[in-house]
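Please read the sequence alongside the structure shown here. The explanation goes through it one region at a time.

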Amino acid sequence: MSLQGNLQPRGRPGPAARYAEIRQMTEALAAPLSAEDQCVQSMPDASPAKWHLAHTTWFFERMILSAAPDYEAFDPRYDALFNSYYLGLGTPFARARRGMLTRPSADEVLAYRHHVDAAMAALIEAGDVPLGTLALGLNHEQQHQELLLTDIKHAFACNPLLPAYRPAVLAAVESAPPLGWIDHDGGQVAVGDAGEGFAFDNERPEHVVSLRPFRIAARLVNCGEYLEFIADGGYARPELWLSDGWALARQEGWQAPLYWQPGAKEIFTLHGVRPIDPAEPVAHVSFYEAAAYAAWAGKRLPTEFEWEAVARTWPKEGHFLDLDVLHPRASQTPRMLGDAWAWTRSSYDPYPGFKTFEGPASEYNGKFMIGQIVLRGGSCATPADHIRTTYRNFFPPAARWQFSGIRLAEDI
């Protein structure tokens, strides 16, 4: 699949301004962090903030600037340090050991970013940048903006001081609307990206699926509802759980979602510890917990195609990345997007006719199409202009450190 992308849809700035806007946002997300904060890696699945800053820079250097005849690399040794998983481009530094990279320093990483940014600005101004690869690089960086936040949240939660990433006043909503439902007649439904703008290769091609009549919840499951599941012995009833999930929950001692404090009265957030608001969407649950909750509620999780069939017809509104509210929040309005990614019952598989991106970017998505579950809808850490109704996020079923939540469905 060739890399195609539209960097200037109606109302959006041109390539140079768009590049600068996204790059500056990443640095703004890292600004509240000390040099020590930026180096920590709390688990193998997470990466240090400094590494995110450098890797997104490596992407532009390796995928675009390396082909420019006059470009001089900031430091050739960075090519292996900040390669993530592109084995066709060399042997990356081990992912689980990224926290060992005390050098380069945070200041040197910023200097690296600015070196690459200057070269990219010149290339864009000269009209010599491949716009499809540029669009991929910017969407890739927005993915890492969300990862930077989820990874530092996990690191701070491991600190007994439970430090706040950023202060904020989170206003609680006194009550949540009843759990309403959206009916769908099923039938032959088009899903996937039609190729009119940027999309990742895993969103294509558009194709038709057959759906039976179903209904899907008009909002995510909230903390109050999840507390009822806990109070009814949800974590102690094996009949509700998939076998692998039950074994893992026992092994790791799960009694509540990740970041809920003992006693299930308070929750750790990027804004510090605060009381659990029963009306806000529950987040940081694994697929196993989501499936167990759905079984307890007498429902099921939607397939990714059911979710998309409904989301295509609803306004593209929701709570996305907002530095003042980096936490799911309750809404009185039904919506399909934002706050927390919704686990689906769909394996992360290729669409019929799927083709990877051409060139070095061919390793971007396809190689991960095994053992993963699809999530849909974006979260409170997802940039608002990054999400699409065709967007397919994916994680292993045990993952909890992402802003992952629950949306129910049932057959009609």
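**A hairpin, a loop and a pocket**

In this predicted model, strands β5 (residues 266-269) and β6 (residues 272-275) form an antiparallel pair with four bridges. Two residues make up the hairpin connection from β5 to β6. Across the pairing, F268 has V273 of β6 opposite it. In a regular strand, side chains point alternately to the two faces of the sheet.

Further along the chain is the loop that runs between α10 (304-311) and β7 (341-347), and S331 is part of this loop. Is S331 buried or exposed? S331 counts as buried because its relative accessibility is 19%, and the cut-off for buried is under 20%. The side chain of S331 has two polar contacts to describe. A polar atom of that side chain lies 3.0 Å from the backbone nitrogen of T333. The side chain of S331 also makes a polar contact of 3.5 Å with the side chain of R335.

The last region is the largest pocket, which holds about 830 Å³ of space. Its lining consists of 33 residues, and those nearest the centre are Y85, R95, L147, F394 and F395. Three elements, α3 (49-63), α6 (131-157) and β9 (393-395), each give two or more residues to this lining. Which element provides the largest share of the lining? That element is α6, with seven residues. By residue class, the lining of the largest pocket has 14 polar, 13 nonpolar and six charged residues.

How values were computed:
Residues are numbered from 1 along each chain as its sequence is written. This is a predicted model: local features need pLDDT of at least 70, side-chain atom pairs count only at pLDDT 80 or more; totals for chains, interfaces and linings use all residues. Side-chain values use heavy atoms; hydrogens and water are left out. Buried means under 20% relative accessible area, exposed over 50%, partly exposed in between (1.4 Å probe, protein chains only). A polar contact is a pair of N or O atoms within 3.5 Å; within protein, one must be able to donate a hydrogen and the other to accept it, and residues adjacent in sequence count only if both atoms are side-chain atoms. Two strands pair if DSSP finds at least two bridges between them. On a 1 Å grid over the protein atoms alone, a cavity is a set of points where a 1.4 Å probe fits but cannot get out, and a pocket is an open set with protein on both sides within 12 Å along at least five of seven lines; lining residues have an atom within 4 Å of a point. Grid points are joined across faces, edges and corners, and a volume is the space filled by probe spheres set on the points. Ala, Val, Leu, Ile, Met, Phe, Trp, Tyr, Cys and Pro count as nonpolar, Asp, Glu, Lys and Arg as charged, and the others, Gly among them, as polar.
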